[in-house]
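User: Please guide me through the reading of this model, feature by feature. I would like the general idea each time, and then the case at hand.

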Amino acid sequence: MQGLHLMAKPVGAKCNLDCGYCFYLEKDRYYPERERFLMEDTVLEAYVRRYIAAQPTPEVEFTWQGGEPTLRGLEFFERAVALQRQYANGKTIRNTLQTNGTFLDDAWCAFLRREGFLVGLSLDGPQAINDAARPDKQGRSSYDDTQRGLRALQRHGVDFNILVTVSSANVGDPRGVYRFLKTQGVKFMQFNPVVERMARPAESVIGLHFAKPPQWTRPGNAADGHGKVTSHSVGSQAYGDFLIGVFDEWVREDVGDVHVMNFEWALAAWCQLPATTCIFSERCGRAAIVEHDGSVYSCDHFMHPEYRLGNLRTDDPAVLIESPAQRAFGDAKADALPDQCRRCTYRFACHGECPKNRFIETADGEPGLNYLCAGYLKYFRHITPAMNRMAKLLADGRAAAEVMTDLPAVGTT
């Protein structure tokens, strides 16, 4: 039975940092100028109650994101888990919090540990790299505050992973970033690319019409010669090289000890398992967002008026997810896949990746190719021998870490 996922934005796009590559900060312009951007208790109650009731599976995962969700305050989250217990009705409740970590202290981390939260902490690398794109609203470094949050998580034994946003600031030093994270005691990490367009076109890359396309005004440059992207964005080949750089060190030294989500996603595909992340799923549309006012939108990356599905104050989230508009949104990912992708050897591992990045043309001039295609193709080709070996090890009931003992045999450079 396929579940649904409804990620909450308890403070909307509001954040104490001013990250240059953040795609969500601009979303506050869809609300009145004096909007407080605080999820009210009535909305919180409706979200918890309706989301649990709508979930067809025995587990319900609540994901809290922003902006910076901890700006809503610890008491808000204490009320949230109390409501979850009230409405659980025998279901297992899990919580995930994505944060910049700057407000995490002993009180926060004691709560997160007690309630079993999984925390995603954003950190792009050593201070010089992190400061390049993650200043606070006054332009000051956020690094020391994030480090204090990291130490608090570790001190209290909170389960966490590090989210590295791969931008033009760190894409050239994959091994340096990876080794830095290991020196910080990080065992779980993932690397997400920045692909930020200079302006949205009048029509959607997945075939849905934009009623009033907003313009992005940040300065930028062309990357890989395809499409205009901002100066923080990575080039396609550069992102592929980054993943390869991390993979080559990980596969030699850290399989089974350090968990890199990008490689676990790939290994799942090589093991013929369903994708565990929406970007590599054949279809999407089962993961929507709830803004601070209760409004539900098709996707985190498509939080625009034309993708508003309804409001949890009055609407059943299961009905919204199954609505014709949301079904069309999800199906379009597969239906609009270019022929080049359909013929690709690695379609099983990629499925065209996220529709938001499909804004270049194929070699045959067909629109809708993913901007990161060349980088992914290079990366998938590189990891194939090791992935084949690890998939075979797992199928034989052995540990994937055994791949580290026979790297020459699988052709890893």
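Analyst: We may begin with H351, which is buried at a relative accessible area of 15%. The term buried denotes under 20% relative accessible area, exposed over 50%, and partly exposed the range in between, with a 1.4 Å probe and protein chains only. The model is predicted, so local features need pLDDT of at least 70 and side-chain atom pairs count only at pLDDT 80 or more, while totals for chains, interfaces and linings use all residues. Residues are numbered from 1 along each chain as its sequence is written, and side-chain values use heavy atoms, with hydrogens and water left out.

User: Where is H351 found, and what is the sign of its phi?

Analyst: Most residues other than glycine have a negative phi, and most peptide bonds are trans. H351 has a positive phi near 55° and is found in the loop between α12 (347-350) and β13 (360-361). Helices (H or I, at least four residues) and strands (E, at least two) are DSSP runs, numbered from the N terminus. F37, also not a glycine, has a positive phi of about 55°. F37 lies in the loop between β1 and α1 and is buried, with a relative accessible area of 3%.

User: Which peptide bond is cis?

Analyst: The bond from G66 to G67 is cis, with omega near 10°. G67 belongs to the loop between β2 and α2.

User: How should I judge the length of a helix, and what is the span of α5?

Analyst: The expected span is 1.5 Å times one less than the number of residues. Helix α5 (residues 143-156) has 14 residues and should therefore span 20 Å; its end C-alpha atoms are 20 Å apart, in agreement. Helix α1 (residues 41-54), with 14 residues, reaches 20 Å from its first C-alpha to its last, close to the expected 20 Å. After α5 comes G157, whose phi is positive, near 70°.

User: Which residues of these two helices are buried, and what do they pack against?

Analyst: An α-helix has 3.6 residues a turn, so residues three or four places apart point the same way. In α5 the buried residues are Y143, T146, Q147, G149, L150, A152 and L153. They pack against α3 (106-114), β4 (118-122), α4 (127-133), β5 (159-166) and α6 (174-183). In α1 the buried residues include V43, A46, Y47, R50 and A54. The buried residues of α1 pack against elements including β1 (5-8), β2, β10 (287-290) and α9 (317-321).

User: How do β2 and β3 pair, and over how many bridges?

Analyst: Two strands pair if DSSP finds at least two bridges between them. Strand β2 (residues 59-64) and strand β3 (residues 92-99) pair in the parallel sense over 6 bridges, and F62 has N95 in β3 as its bridge partner. Between the two strands the chain passes through helix α2 (residues 74-87), in a right-handed β-α-β crossover. Right-handed here means that, with the strands pointing away from the viewer, the path from the first strand over the helix to the second runs clockwise.

User: Which strands pair with β6?

Analyst: β5 pairs with strand β6 (residues 188-193) in the parallel sense over 5 bridges, and β5, α6 and β6 form a right-handed β-α-β unit. Strand β9 (residues 259-260) runs parallel to β6 and is joined to it by 2 bridges; F188 stands opposite H259 in β9.

User: Is M189 of β6 buried or exposed?

Analyst: M189 is buried, with a relative accessible area of 0%. M189 is the bridge partner of I162. Leaving aside neighbours within four places in sequence, its contacts (heavy atoms within 4.5 Å) include N161, I162, Y178, L181 and H259.

User: At what angle do α8 and α13 cross?

Analyst: Two packed helices are described by the angle between their axes and the distance between the axes. Axes are lines fitted to C-alpha atoms, for helices over the stretch in contact, and angles run from 0 to 180 degrees between N-to-C directions. The axes of helix α8 (residues 261-270) and helix α13 (residues 373-395) come within 9 Å and cross at roughly 65°. The contact involves residues including F263, L267 and W270 of α8 and F380, I383 and M387 of α13.

User: What lies in the loop between α8 and β10?

Analyst: C271 is found there. C271 is partly exposed, with a relative accessible area of 25%, and, leaving aside neighbours within four places in sequence, is in contact with A391 and L394.
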